[in-house]
Amino acid sequence: MPVMERLIVPIEWKATADDSGALDGYASTFGNVDLGLDVVIEGAFLKTIANIKKNGVPLLADHVASTASLLGTVTDGAEDRKGLRIRAQFSSAPSAQDVRI
């Protein structure tokens with residue numbers, strides 16, 4: 001079984017001003033070269049945005065698809081000149097609220 005490589009990078013969470021348990025911010029920005037030498041360009045998230053608006057998508061900690069990593073739901077998204085801006089709602093579960101604080 002292959003071993004998953006992980007990279008720990010600093011991030012900054014910003015809760016919305018209304019303290020509703022929501023998160024606004026960028027899930028990805030354009031023009032940066034990632035560790036796989038990929039560059040995200042404008043238009044890359046158009047299908048993803050349609051899916052977010054229709055179904056919502058899980059907000060996960062550390063890209064780990066498990067119930068323990070579920071923090072909430074991404075409820076809206078849009079591309080702007082900088083990248084993919086999202087809005088998410090944190091779950092009321094204590095583990096998600098611990099991350100939020």
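**Core, sheet and the setting of Ser28**

In this predicted model, the largest nonpolar core holds 14 residues, and the members that touch the most others are Leu59, Leu71, Val74 and Phe90. Three elements each put at least two residues into this core: helix H1 (46-55), strand S3 (70-79) and strand S4 (83-90). S4 gives the largest share, with four residues.

Now for the sheet. It is open and built from four strands, lined up as S1-S4-S3-S2 with antiparallel pairing. The edges belong to S1 and strand S2 (57-60); each has a single partner strand, so one side of each goes without a neighbour in the sheet. From one strand to the next, the twist averages 45°. H1 is laid across S2, S3 and S4, and runs at about 125° to S3.

The pairing of S1 with S4 can be followed in some detail. These two strands run antiparallel and are joined by seven bridges. Gly25, for instance, has Ile86 in S4 as its bridge partner.

Ser28 also sits in strand S1, which covers residues 22-29. Is Ser28 buried or exposed? Its relative accessible area comes out at 18%, and buried means under 20%, so Ser28 counts as buried. Leaving aside residues up to four places away in sequence, Ser28 touches Val40, Phe45, Gly83 and Leu84. Ser28 is thus a buried residue on a strand that stands at an edge of the sheet.

Key:
Residues are numbered from 1 along each chain as its sequence is written. This is a predicted model: local features need pLDDT of at least 70, side-chain atom pairs count only at pLDDT 80 or more; totals for chains, interfaces and linings use all residues. Side-chain values use heavy atoms; hydrogens and water are left out. A nonpolar core is a set of buried Ala, Val, Leu, Ile, Met, Phe, Trp, Tyr and Cys residues joined through side-chain atoms within 4.5 Å. Buried means under 20% relative accessible area, exposed over 50%, partly exposed in between (1.4 Å probe, protein chains only). Contact means heavy atoms within 4.5 Å. Two strands pair if DSSP finds at least two bridges between them. Axes are lines fitted to C-alpha atoms, for helices over the stretch in contact, and angles run from 0 to 180 degrees between N-to-C directions.
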